Amino acid sequence: MWEVVGLPLPPALRQALVDGGFTAAEELGRAGPVALAEEAGISQEDALYACKVAGECLGRAGGGDGALPIVTAASLRGDGLRGVIATRAGPIDAVLRGGIPQGVITELCGVPGAGKTQLAMQLAVNVQLPRRMGGLDGRALYLDTEGSFTPERVQAIAEAALEGEEVSGSSGLLAESLLEGVSYQRIHSALEQLNLVEALPSMCRQDPRLRLVVLDSLVFHLRHTEGEASLRRHALMTMYQMLSCVARECNVAVLVVNQFTTRLGKDGARLVPVSGETWGHIPTVRLFVMSGEAGNYLQVNKSPWHPQQVAFFSITRKGIEPAKPF
């Protein structure tokens, strides 16, 4: 058993944890960063860092014979095709070979006003549609860090999704029911965000129809968190690891929205994701949403399934639609 006094932490932080009544590393994980910060009287960044270090040490200690689990490629592939959530904007779905995939993290990066949140709200509606309409007959959870979620906009998208001959009266779907199918949580701090992400496995178990988790956006609060850059990096890695586990183990599509920032280099200024290029390998699929003279467009930046292509789209009253010809 790892004791707190033996953890590779700064001496002052170890002492604060011991003074707070924590003696074993396992106790830090059980408490979680929220309760740990309160009970030990330490900052949220220090609590997050202590939990991460404790988890790493316990992971190295392992259990049983310490062997890593080995599986076959067939078991990783699964018994059937990976489910997707269609955007129902033809060019985008063509590029994505159907839509946003289940079981992995998809990161949606873009400049302000390019359509990131519009696309996220569109998917939160579409995931509830029957499979014949490109949905997963499920529910969505929308975690909003910036306050950009607009229920009136979701209602307009929901009403548009039910228009036309494609939806029969026997489907039982109404715009109001599509709004009810989107659970919403406003997040006001980095610690609150981490706490919610930690609770996602439990939330998935409580709602077996949950098929989409949206985090809009990932780094908004982390950028405004006091403390060393190394602690913010630890927080970001912890968040990604938790979301990856949720996507894989709960078989949900996790959509992480991210911003762009300008970085100066030898070749001049260029746009890069705020989280940094270092983290670009963590999401399974990485999409860029941009706007230019020819209109808004989505570009596949990284994916094991999709070619690096571009699809143009328009933001209309009905939501995300194929770009109108000039």
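**Reading a predicted model: pocket, strand and helix**

The second largest pocket of this predicted model has a volume of about 250 Å³. Closest to the centre of this pocket, among the 18 residues that line it, are Cys51, Lys52, Glu198, Thr238 and Met242.

User: Which helices each supply at least two residues of the lining of the second largest pocket?

Analyst: Helix 2 (25-40), helix 3 (44-61), helix 9 (190-206) and helix 11 (229-250) each do so. By residue class, the lining of the second largest pocket divides into nine nonpolar, five polar and four charged residues.

User: How many helices and strands does the protein have, and what percentage of its residues count as buried?

Analyst: There are 11 helices and 12 strands in the protein. Of its 326 residues, 48% count as buried. The protein exposes about 16000 Å², of which carbon and sulfur atoms supply 52%. Among contacts with a separation of 6 or more, 63% are between residues 24 or more positions apart.

User: How should one read a strand, taking strand 6 as the case?

Analyst: The general idea is that side chains in a regular strand alternate between the two faces of the sheet. In this structure, strand 6 covers residues 210-216, and six of its seven residues are buried, so this strand is largely enclosed by the rest of the structure.

User: In which sense do strand 4 and strand 6 pair?

Analyst: Strand 4 (residues 139-144) and strand 6 pair in the parallel sense, over six bridges. Within this pairing, arginine 139 stands opposite leucine 210 of strand 6.

User: How should one read a helix, and which residues of helix 7 are buried?

Analyst: An α-helix has 3.6 residues a turn, so residues three or four places apart point the same way. In helix 7 (residues 151-161), the buried residues are Arg153, Val154, Ala156, Ile157, Ala158, Ala160 and Ala161. Their cover includes helix 6 (116-126), helix 8, strand 11 (310-316) and strand 12 (319-322).

User: Is alanine 175 in helix 8 buried or exposed?

Analyst: A residue counts as buried when its relative accessible area is under 20%. Alanine 175, which is found in helix 8 (residues 175-180), has a relative accessible area of 16% and is therefore buried.

User: Which residues does alanine 175 touch, leaving aside those up to four places away in sequence?

Analyst: Alanine 175 touches Ala158, Glu159 and Leu162. Although alanine 175 and glutamate 159 are 16 residues apart in sequence, their C-alpha atoms are 5.2 Å apart in space.

Definitions and conventions
Residues numbered from 1 in each chain as written. Predicted model: local features only at pLDDT ≥ 70, side-chain atom pairs only at ≥ 80, totals over all residues. Heavy atoms only, no water. Buried < 20%, exposed > 50% of the residue type's maximum accessible area, 1.4 Å probe, protein only. Helix = DSSP H or I, 4+ residues; strand = E, 2+ residues; numbered from the N terminus. Pairing = 2+ DSSP bridges. Contact = heavy atoms within 4.5 Å. Areas by Shrake-Rupley, 256 points an atom, 1.4 Å probe, with all protein chains shown as cover. 1 Å grid on protein atoms, 1.4 Å probe; cavity = no way out; pocket = protein on both sides within 12 Å on 5 of 7 lines; lining within 4 Å. Points joined across faces, edges and corners; volume = space filled by probe spheres on them. Nonpolar A, V, L, I, M, F, W, Y, C, P; charged D, E, K, R; others polar.
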